[in-house]
Amino acid sequence: MKKQDFTRVYLIDQTPEEIFKSLIDVRGWWSGLFSEEIEGHSDKLNEEFSFRAGDGIHYSKHKLVELTPNKKAVWVVTDSSLSFLEDKGEWIGTKLCFEISKQGARTAVRFTHQGLVPGIECFDRCTSAWSQYLDKFLLPLAKKSEESNLHNDTAPSHL
């Protein structure tokens, strides 16, 4: 049986353009939980950025290797040092993939960490952290969409 890469999917009532713009700005969503530091750029093909978190517990360097505006962004991990693992470079060669597509009136955002599969040392801790980051960033967008659908035409515009 093939091991499955860690994947999360969210349905959001924003345009693919709005979501894409937010996703390629990694500082906007990959922060706010574990004293993160991000250096470099993440929004143009072949650009690189480094990510540090947890007071040095996590370091990884990423290169944007695939970019299809409003549809897809893929970063490959070119270096990593995860101090809480025996194999500190376990993430090297893995990929962080965001795919965006229209699903009826909504937009689907699919995140896959290719290479983060059950059985590797990092799986439980890393999938937990990914879930926290993704939920912190994407769930509020989805909830805002659901809340806006609950309001009738007489609801104040600030809701």
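The mean pLDDT of the chain is 88, and 87% of its residues reach 70 or more. These values describe a predicted model. Confidence is not even along the sequence: over residues 147-159, pLDDT stays under 50. For that stretch, the model has 2 contacts beyond four places in sequence.

**Overall fold**

The chain holds 3 helices and 7 strands. Read along the sequence, these elements follow the pattern β-α-α-β-β-β-β-β-β-α. Of the 159 residues in the chain, 37% count as buried. Contacts across the sequence can also be described by their separation. Among contacts between residues at least 6 apart in sequence, 49% join residues at least 24 apart.

**The largest pocket**

The volume of the largest pocket is about 320 Å³. Its lining consists of 16 residues, of which F34, H58, F84, R125 and A129 are the closest to the pocket centre. Which element supplies the largest share of this lining? Helix α3 does, with 7 residues. Both strand β3 (48-53) and helix α3 (123-150) supply at least two lining residues each. Sorted by class, the lining has 11 nonpolar, 4 polar and 1 charged residues.

**The disulfide and its surroundings**

The structure holds 1 disulfide. The bond is formed by C122 and C126, whose sulfur atoms lie 1.6 Å apart. The link of C122 and C126 is left-handed, with -90° about the S-S bond. Are the two cysteines C122 and C126 buried or exposed? Both of them are buried.

Residue T127 has its place in helix α3. T127 counts as buried because its relative accessibility is 11%, and buried means under 20%. Residues up to four places away in sequence aside, T127 touches F6, L116 and C122. The last of these, C122, is one of the two cysteines of the disulfide.

**Strand β7 and the residues around Q114**

Q114 lies in strand β7, which covers residues 106-114. At 34% relative accessibility, Q114 counts as partly exposed, because this class lies between the limits of 20% and 50%. Apart from neighbours within four places in sequence, Q114 is in contact with D5, T94, K95 and C97. One of these partners, C97, is buried, with a relative accessible area of 4%.

**The loop before strand β3**

E47 is found in the loop between β2 (37-40) and β3. Which residues does E47 contact, leaving aside its neighbours within four places in sequence? The partners of E47 are H41, S42, H62, K63 and L64.

**Pairs apart in sequence**

For both E47 and Q114, a C-alpha to C-alpha distance to a residue elsewhere in the chain is available. The table sets out these two pairs.

| Pair | Separation in sequence | C-alpha to C-alpha distance |
|---|---|---|
| E47 and V65 | 18 residues | 8.3 Å |
| Q114 and K95 | 19 residues | 5.0 Å |

K95, listed in the second row, is also among the contact partners of Q114.

**Summary**

The predicted model has 3 helices and 7 strands. Helix α3 supplies the largest share of the lining of the largest pocket and includes the buried residue T127. T127 touches C122, which is joined to C126 by a disulfide. Low values of pLDDT, under 50, apply over residues 147-159, whereas the mean for the chain is 88.

Terms used: Residues numbered from 1 in each chain as written. Predicted model: local features only at pLDDT ≥ 70, side-chain atom pairs only at ≥ 80, totals over all residues. Heavy atoms only, no water. 1 Å grid on protein atoms, 1.4 Å probe; cavity = no way out; pocket = protein on both sides within 12 Å on 5 of 7 lines; lining within 4 Å. Points joined across faces, edges and corners; volume = space filled by probe spheres on them. Helix = DSSP H or I, 4+ residues; strand = E, 2+ residues; numbered from the N terminus. Nonpolar A, V, L, I, M, F, W, Y, C, P; charged D, E, K, R; others polar. Disulfide = S-S within 2.5 Å. Buried < 20%, exposed > 50% of the residue type's maximum accessible area, 1.4 Å probe, protein only. pLDDT = per-residue confidence, 0-100. Contact = heavy atoms within 4.5 Å.
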